[in-house]
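Open the model in your viewer and keep the sequence panel visible. The tour goes from one selection to the next and says what is found at each stop.

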Amino acid sequence: MAYLTTNPADKERFICVYPVYLNSKKTLAEGRRISAEKAVENPSCSEIKDVLSAAGLNVLLENHMHPREWNRDVQFRGRVRVQLKQEDGSLCQDKFTSRKDVMFYVAEMIPKLKTRTQKSGGGDSNSQQADGGKKNKKKKK
């Protein structure tokens, strides 16, 4: 039997953030934990880890699956553990008081990552061309 620890600095006491918590493509029943408007499309564990590491938090990447995740692909695999509290019980960073604060911050920052801005930049130009095509079709009618 594993002995549970009450020390907030132990790795077992770090909070878990699964990508499904922040995925706008998932429903609440499928495991999303924040509103769809604030959520991100298909976040990855590495993106979550990058954002939280840059914020100065102690982060661990683990190869675990969310129980409700039916897709066993590598891209949906993993969870991120984040240290919220020091050994004395004080917060590591004042702006992160709860797991919800961490999730909202990550969902806000992932779209600003360089890997995301490059991909969406190409997508925007394509969508503008598609809109232009639709306008032309309306004029012909």
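Contact, on this tour, means heavy atoms within 4.5 Å. The model is a predicted one.

**Whole chain**

Start with a cartoon of the whole chain. There are 3 helices and 3 strands, and along the sequence they follow the pattern β-α-β-β-α-α. The chain has 141 residues, of which 34% are buried. Of the contacts with a separation of 6 or more, 59% are between residues 24 or more positions apart.

**The sheet**

Select β1 (15-17), then β2 (59-62) and β3 (79-82). In what order do the strands lie in the sheet? The order is β1-β3-β2, in an open sheet with antiparallel pairing. β1 and β2 are the edge strands, each pairing on one side only. From one strand to the next, the twist averages 30 degrees.

Strands of a sheet pair through backbone hydrogen bonds, either parallel or antiparallel. Here, β1 is joined to β3 by 3 bridges, and β2 is joined to β3 by 4 bridges. To see the first pairing, show C16, whose bridge partner in β3 is R81, and V17, which stands opposite V80 in β3. For the second pairing, show V59, which stands opposite V82 in β3.

Now display the side chains of β3. In a regular strand the side chains alternate between the two faces of the sheet. R79 and R81 are on one side of β3, V80 and V82 are on the other, and all four are buried. Both faces of β3 are thus covered.

**Helix α1 on the sheet, and α2 across it**

Add α1 (45-54). This helix packs on the sheet and touches β1, β2 and β3. The direction of α1 makes about 20 degrees with that of β3.

Next add α2, residues 99-109. Two packed helices are described by the angle between their axes and the distance between the axes. For α1 and α2 the angle is about 105 degrees and the axes are 10 Å apart. Angles of 65 to 115 degrees count as roughly perpendicular, so α1 is roughly perpendicular to α2.

Which residues meet where the two helices pack? I48, V51 and L52 come from α1, and V102, Y105, V106 and M109 come from α2.

**The nonpolar core**

Stay on α2 and color its buried residues: V102, M103, Y105, V106 and A107. Among the elements that cover them are β1 and α1.

Widen the selection to the largest nonpolar core, which has 28 residues. L22, I48, L52, V102 and V106 have the most contacts inside this core. β1, α1, β3 and α2 are the elements that give two or more residues to the core, and α2 gives the most, with 5 residues.

Center on V106 to look at one of these positions. Leaving out residues up to four places away in sequence, V106 touches L22, I48, V51 and L52.

**The loop between β2 and β3**

Move to R77, in the loop between β2 and β3. Its relative accessibility is 31%, so R77 counts as partly exposed. Beyond its neighbours within four places in sequence, R77 is in contact with C45, N63, H64 and M65.

Where does N63 stand relative to R77? The two are 14 residues apart in sequence, and their C-alpha atoms are 6.5 Å apart in space. Their side chains are joined by a polar contact of 3.0 Å.

H66 is also placed in the loop between β2 and β3. Is H66 buried or exposed? Buried means under 20% relative accessible area, and H66 is at 9%, so it counts as buried. Set aside residues up to four places away in sequence, and H66 touches Y18, V20, Y21 and G31. A polar atom of the H66 side chain lies 3.1 Å from the backbone nitrogen of R68.

**Last stop: N42**

Finish at N42, in the loop between β1 and α1. Phi of N42 is near 45 degrees, a positive value in a residue other than glycine. N42 counts as partly exposed because its relative accessibility is 31%.

Terms used: Residues numbered from 1 in each chain as written. Predicted model: local features only at pLDDT ≥ 70, side-chain atom pairs only at ≥ 80, totals over all residues. Heavy atoms only, no water. Buried < 20%, exposed > 50% of the residue type's maximum accessible area, 1.4 Å probe, protein only. Polar contact = N/O pair within 3.5 Å; in protein donor to acceptor, adjacent residues only side chain to side chain. Pairing = 2+ DSSP bridges. Axes fitted to C-alpha atoms, helices over the stretch in contact; angles between N-to-C directions. Core = buried A, V, L, I, M, F, W, Y, C linked by side-chain atoms within 4.5 Å. Parallel < 35°, antiparallel > 145°, perpendicular 65-115°, else oblique.
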